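Thanks for coming. I will go through a few parts of one structure, with the sequence and the coordinates on the screen.

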Amino acid sequence: MQSVKISVVIPSYGNWAALKTIELLDKMKYVDQFIFISDKETPDTATKQLSINSSYIFSSKIIKFICENVTAEYILFITEQCSLEINDKTIEQLLNKAANSNAGLYYSDYFVRKNNEINTHPLIDYQTGSIRDDFDFGPLIFLKKSALQSACEDLLNEQGESLFSGLYQLRLAVSRKFSIEKISEPIYIVERSETDNSDKKLFRYVDPGNRELQLEMEAAVTDHLKKIGAYLEPGFKDVNFIESSFTIEASIIIPVKNRAKTIKDAVRSALAQKTDFNYNIIVVDNHSSDGTTEILKSLAIKNDKIIHHIPQSDELGIGGCWNKAIDHPKCGGFSVQLDSDDIYLDENTLQKIVDKFYEEKCAMVIGSYKLTDFNLNEIPPGTIDHKEWTAENGPNNALRINGLGAPRAFYTPVIRNIKFPNVSYGEDYSVALAICREYKIGRIYEPVYICRRWEGNTDASLTIEQENKNNSYKDFIRSEEIKTRQNLNRLKQTGKNLV
């Protein structure tokens, strides 16, 4: 084992974290080579080193440089600017794993040292659908040289020069020829000095300042989907609304459980809508126990637009509640989202959404929203409009990102056929992917909705375990969607009937 050597790739900007990690690694028996990436002078602490100057540490130029200059059989790639505590045992665990597996890339759980406390940071397993560009490998990945060079051959001859997406392209290329494996135990320590801003991370992909990065990432995932046979060609079916007859044009759907603080605002917002068509409000009350039920009963008595439905089953998630609403005999031709702690921007939201259906002959409409606190004060990043969506490539790029926006509205016959999964996270993402596989999604890029962020939100103050569970489920959704799209493309190639 000692004869095996590794090369270390490390972004080094001369900060204390990088210097500390380099000094530690330079003393280790397995380290044979350092490759520094820096826009400044590289530290002169290593006995054997190469360096490349660049402000773009994950550019395709950097990946090509690494491929051409790496000497060892294995590569330890440090992807973050942080202090890592690694020892020979860490390397031995990685080498043992690589020696007994055909995978090309490895990563592991790790410890985090912060304020003199050490906690485990668990990661999730890599799936076929783990193609979002923010998949968390931790700050350290371990590559076989053979996988690195094979992946480089696959991507660098075809992809143009990129400043941001080189590492993303690389791991997608690795996943096409090799498996990617996680070591399910923490084998190193990360020392963090800054507080993570989860909201900033959550909305990074819709930040207009990241537009160039997003375009590169979209190009990378589109190329990947083409190579694995899951790419959807532009061209979708129009919806013929004349074929279906509903006595109600639209229904506002509000699933709710224990939202006594906000449900009255949501229902009043729905009642305030001014339209040139008839609509109702279907509130699926999922056995609330905090006074929500009593509030809804009082509101429903005063206004016959409100249908207060309490399902018999007490095992429903948000998706299950949606299924009860869209299958209700009084559900309208369009089913329009309103979460129980949100409100519409003004009285014109519902009209704008229904108009968009007819204008674009689409099966789903997604609007834009303003992010506020509980008291409706706007908070960063403000308006979320998802302008990264394009009619031509949106259905493909949707597999890279974590959400498509709000409010969401559906042509009821289509969503009745698809149905929501009975979960309380990712149910909307799942059906949106299924719809855009076949139908056009209409977009409204001006705000029509107000999304409140407060301690009662389903995604507020999540533990790392809860985040991992959510991310694993969405990766599963993507995995299933990729399989479905691959099968559809195979059927198209053989000319078989897809119905």
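In strand 9, which residue is the bridge partner of Leu 105? The bridge partner is Leu 143. Please keep in mind throughout that this is a predicted model.

Let me stay with strand 9, which covers residues 140-144. Strand 6, residues 105-108, pairs with strand 9 in the antiparallel sense, over two bridges. Strand 4, residues 74-78, also runs antiparallel to strand 9, and five bridges join them. Within that pairing, Phe 77 has Ile 141 as its bridge partner, and Tyr 74 has Lys 144.

Is strand 9 mostly covered or mostly exposed? Mostly covered, since five of its five residues are buried. As general background, side chains in a regular strand alternate between the two faces of the sheet. In strand 9, Leu 140, Phe 142 and Lys 144 are on one side, Ile 141 and Leu 143 are on the other, and all of them are buried. Please note that the buried set includes a lysine, Lys 144.

Now strand 4. Five of its five residues are buried as well, and strand 4 is mostly covered. Tyr 74, Leu 76 and Ile 78 point one way, while Ile 75 and Phe 77 point the other way. Besides strand 9, strand 4 has strand 1, residues 6-11, running parallel to it, and the two are joined by four bridges. Here Ile 6 stands opposite Tyr 74. So Tyr 74 turns up twice: opposite Ile 6 of strand 1, and as the partner of Lys 144 in strand 9.

Next, a single residue. Val 112 is located in strand 7, residues 110-114. Its relative accessibility is 13%, and the cut-off for buried is under 20%, so Val 112 counts as buried. What does Val 112 touch, leaving aside neighbours within four places in sequence? The contacts are Glu 117, Ile 118, Asn 119, His 121, Val 190 and Arg 192. Leu 84 is 28 residues from Val 112 in sequence, and the C-alpha to C-alpha distance between them is 9.5 Å.

On to the helices. Two packed helices are described by the angle and the distance between their axes. For helix 5, residues 166-177, and helix 7, residues 211-227, the axes come within 10 Å and cross at roughly 10°. Angles under 35 degrees count as roughly parallel, and these two helices are therefore roughly parallel to each other. On the helix 5 side, the contact is made by Tyr 168, Gln 169, Leu 172, Ser 175 and Arg 176. Helix 7 brings Met 217, Ala 220, Val 221, Asp 223, His 224 and Lys 227. By type, the contact residues are five nonpolar, three polar and three charged.

Last, the aromatics. How many aromatic pairs does a search of the whole structure find? It finds 21. One of them is Phe 241 with Tyr 411: the ring centres are 4.9 Å apart and the planes stand at 85°, so this pair is edge-to-face. Phe 241 is in the loop between helix 7 and strand 12, and Tyr 411 is in strand 19, so the pair ties together parts 170 residues apart in sequence. Both rings belong to buried residues, with relative accessibility of 12% for Phe 241 and 5% for Tyr 411. Ring pairs also link these two with Phe 334, Phe 357 and Tyr 358 into a cluster.

That is all I have.

Terms used: Residues numbered from 1 in each chain as written. Predicted model: local features only at pLDDT ≥ 70, side-chain atom pairs only at ≥ 80, totals over all residues. Heavy atoms only, no water. Axes fitted to C-alpha atoms, helices over the stretch in contact; angles between N-to-C directions. Parallel < 35°, antiparallel > 145°, perpendicular 65-115°, else oblique. Contact = heavy atoms within 4.5 Å. Nonpolar A, V, L, I, M, F, W, Y, C, P; charged D, E, K, R; others polar. Buried < 20%, exposed > 50% of the residue type's maximum accessible area, 1.4 Å probe, protein only. Pairing = 2+ DSSP bridges. Phe/Tyr/Trp six-rings, centres within 6.5 Å; stacked < 30°, edge-to-face > 60°.
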